[in-house]
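Trainee: Please take one part of this protein and look at it closely with me. I would like to hear about any enclosed empty space and what surrounds it.

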Amino acid sequence: MASGRAFPLLRMIVLAAGMAQALFWSLTIGFMRNGLLPFDLVFLWLTVPALALGVLDDSLPLAAGLALAGFIINVGLLALFAGTA
């Protein structure tokens with residue numbers, strides 16, 4: 001598998017995308033808190049594993065895929081919720 005030493009740019013992108021999604025998730029905690037939100041599921045199932053793999057410097061292509069999938073789903077959910085508000 002690809003290591004962070006071979007792909008430092010990919011590792012930085014994975015960590016930046018993961019941290020941006022973590023910040024977005026922490027901002028969604030403040031409103032609409034009447035149960036488990038889809039944003040929570042995206043954070044727990046996609047963002048946390050992407051950050052863990054990025055920090056551990058292991059399986060960076062998988063981490064990049066998880067971070068990208070989480071970003072796309074978060075944008076879609078935000079568009080969906082913004083359209084209904």
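Mentor: Keep in mind that this is a predicted model. Start with the setting. The protein has three helices and zero strands, and along the sequence they follow the pattern α-α-α. Of its 85 residues, 31% count as buried. Among contacts between residues at least 6 apart in sequence, 67% join residues at least 24 apart.

Now the empty space. Rolling a probe the size of a water molecule over the atoms shows where empty space is left. A search of the whole structure finds one cavity of 30 Å³ or more. The largest cavity holds about 30 Å³ of space. Its lining is made by Q21, F24, W25, F39, F43, T47 and N74. Two elements, α1 (8–28) and α2 (38–56), each give two or more residues to that lining.

Helix α3 spans residues 60–84, and I72 lies in it. For I72 the question is whether the residue is buried or exposed. I72 counts as exposed because its relative accessibility is 51%, and the cut-off for exposed is over 50%. I72 is also one of the residues of a nonpolar surface patch, which L68, F71, I72 and V75 make together. That patch covers about 400 Å². For the protein as a whole, the accessible surface comes to about 5,300 Å², and 79% of this surface belongs to carbon and sulfur atoms.

How values were computed. Residues are numbered from 1 along each chain as its sequence is written. This is a predicted model: local features need pLDDT of at least 70, side-chain atom pairs count only at pLDDT 80 or more; totals for chains, interfaces and linings use all residues. Side-chain values use heavy atoms; hydrogens and water are left out. Helices (H or I, at least four residues) and strands (E, at least two) are DSSP runs, numbered from the N terminus. Buried means under 20% relative accessible area, exposed over 50%, partly exposed in between (1.4 Å probe, protein chains only). Contact means heavy atoms within 4.5 Å. Accessible areas come from the Shrake-Rupley method with a 1.4 Å probe; for residues, only the protein chains shown count as cover. Patches are made of residues with over 30% relative accessible area and no salt bridge: like charges are joined within 9 Å, nonpolar side chains (Val, Leu, Ile, Met, Phe, Trp, Tyr) within 5 Å. A salt bridge is a side-chain nitrogen of Lys or Arg within 4 Å of a carboxyl oxygen of Asp or Glu. On a 1 Å grid over the protein atoms alone, a cavity is a set of points where a 1.4 Å probe fits but cannot get out, and a pocket is an open set with protein on both sides within 12 Å along at least five of seven lines; lining residues have an atom within 4 Å of a point. Grid points are joined across faces, edges and corners, and a volume is the space filled by probe spheres set on the points.
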